[in-house]
Amino acid sequence: VSYTRMWVQAHGALEDLLVDEHPPTAPRPLKDRLQVFQGLATFYLKYLQIFRSLEAVYDQIVHPQKRRMVRHVLDGVMGRILELKNEMVELEFSEFHYFDDVLQDLKLTPEDLEVPIPQYFVRERMRVLRDREKMLAHVMAKGGHIEQEVNITLTSHSRTVRVLQVCERARQGRLRHRFMKEIRQAEEEGSQAKSQTPISTLDPDQAATRIQKVWRGYSQRKRTRRERLEEMVFLGMVEQQQQRPSVAQLKAQQVETTRRLVQEENEAEYQRALVSIKESVRTVDGPDLRETLQEQIRQWFIECRDATGKFPDFPNAEDGGSTAIFAQKTPDQVAAELAAKEEEKEKKRKDNTNKDKKGGKDRKDQKKDKKGKSKQKKGGKEDGEVGSDKAWPIVAHVIKQTRLGGQ
């Protein structure tokens, strides 16, 4: 639920940013370079915050379809961050920028400027990297470059020196303890021999002063040691000691690991479901879908015949084949397209007949008597009459036009 809430908040912030970047009315162009940079820096920081939220959501959400949607948005946000960074570099001719004013306005800290590396960059390529390392180790071992694998834990020089110092101080402490024990035993033996001598006592104020002196010296040395260690860590001369994680941190890490395992299981189940659902649709719903499509194709042919008076030609593969039939077109639109094609064919026929007339005038003059006789025998039928085979396209076109006009 928390990650779903984070996704909703990030989505709302992204919508607001898109409205700010593309307002309804175009703003006036800015001439001040500082104002332009502050605008780009503001968008950059806001997109960076959205990127952090989306990266956390994508890393922990377990739903496969939601992860794909979040991944698509996450890639777009990362691309926009790179575009803004490039614009700022071209504006200031520098790869380092000062965001002090913008950070103060947005109430952010300098840590918010750091661009985190997405977790899925390493997780998705972990298997590839491991396979590559195994292959490289196998090749090198086969070539004799690796004789024996030895696991050696390398430590830094300062850590090694510190370990040696601790061991040496412990040894000296044990020796000192032994010497002091022998001295104390000798003093006890001497005190027993001088049991008749009176025991000297101190004043309470002096005793309290001595105790305070010892305690203040111990506490100051402890504080000085801690401050020296902090300074060395700050300067980078000493590695920071890793603190033991708390119970809450250990539980949070365990929950994150469990969610990643659930992600892998859900992803595998999703891939199996894609195959199984596709097969079930093909075997169970496939015959019904095929029958429905065939019925639609038959209905399309019947409607075109009723509109045009004849069955249309099946669409060519160049026109899309049967997909052109399932386009959302009315019979009138289909009839208009067929009429346009008929007109083009008729124009081509007329052009071909004109060419034939120009090339064969002499032959037509010689056969003029024969054609006149044949026309008289046929009862005076001409090319433009309905009884002629050549005149059928023209008549069909006229019939279509009248039917369409009547509709």
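The bend at a residue is the angle between two axes, one fitted to the seven residues ending there and the other to the seven starting there. By that yardstick, in this predicted model, helix H9 (residues 247-308) has a kink of about 60° at Asp-285. The kink comes shortly before a proline, Pro-287.

Stepping back to the whole chain, the fold is helices from start to finish: there are 13 helices and 0 strands. Buried residues account for 16% of the 407 residues.

Back in H9, the buried residues are Arg-260, Gln-263, Tyr-270, Gly-286, Trp-300, Phe-301, Cys-304, Ala-307 and Thr-308. Just past the end of H9, Gly-309 adopts a positive phi of about 95°.

Now to the charges. Side chains of opposite charge can pair when their charged atoms come close. The structure has 10 salt bridges. One of them joins Arg-260 to Asp-59, with the closest N and O atoms 2.9 Å apart. This pair ties together distant parts of the chain, since Arg-260 sits in helix H9 and Asp-59 in helix H2 (residues 33-60), 201 residues apart. Asp-59 has a relative accessible area of 8%, so Asp-59 counts as buried, and Arg-260 is buried too.

Other bridges stay within a single helix. Asp-75 and Arg-71 meet in a salt bridge at 3.4 Å, N to O, and both lie in helix H3 (residues 64-92), 4 residues or about one turn apart. Both partners are partly exposed, Asp-75 at 36% relative accessibility and Arg-71 at 24%. Helix H9 holds a similar arrangement: Arg-282 and Glu-279 are 3 residues apart, which puts about one helical turn between them. Their closest N and O atoms are 3.9 Å apart in a salt bridge. Here Arg-282 is exposed, with a relative accessible area of 52%, while Glu-279 is partly exposed at 39%. Salt bridges also link Glu-21, Arg-80 and Glu-83 into a network.

Not every charged side chain is paired up this way. Arg-169, Arg-221, Lys-222, Arg-223, Arg-225, Arg-226 and Arg-228 form a positive patch on the surface. Patch members have no salt bridge and over 30% relative accessible area. Helix H8 (residues 204-235) gives the most to this positive patch, with 6 residues, and Arg-221 is one of the residues found in H8.

Methods
Residues are numbered from 1 along each chain as its sequence is written. This is a predicted model: local features need pLDDT of at least 70, side-chain atom pairs count only at pLDDT 80 or more; totals for chains, interfaces and linings use all residues. Side-chain values use heavy atoms; hydrogens and water are left out. Patches are made of residues with over 30% relative accessible area and no salt bridge: like charges are joined within 9 Å, nonpolar side chains (Val, Leu, Ile, Met, Phe, Trp, Tyr) within 5 Å. Accessible areas come from the Shrake-Rupley method with a 1.4 Å probe; for residues, only the protein chains shown count as cover. A salt bridge is a side-chain nitrogen of Lys or Arg within 4 Å of a carboxyl oxygen of Asp or Glu. Lys and Arg count as positive and Asp and Glu as negative; His and the chain ends are not counted. The place of a charge is taken as NZ of Lys, CZ of Arg, CG of Asp or CD of Glu. Helices (H or I, at least four residues) and strands (E, at least two) are DSSP runs, numbered from the N terminus. Buried means under 20% relative accessible area, exposed over 50%, partly exposed in between (1.4 Å probe, protein chains only).
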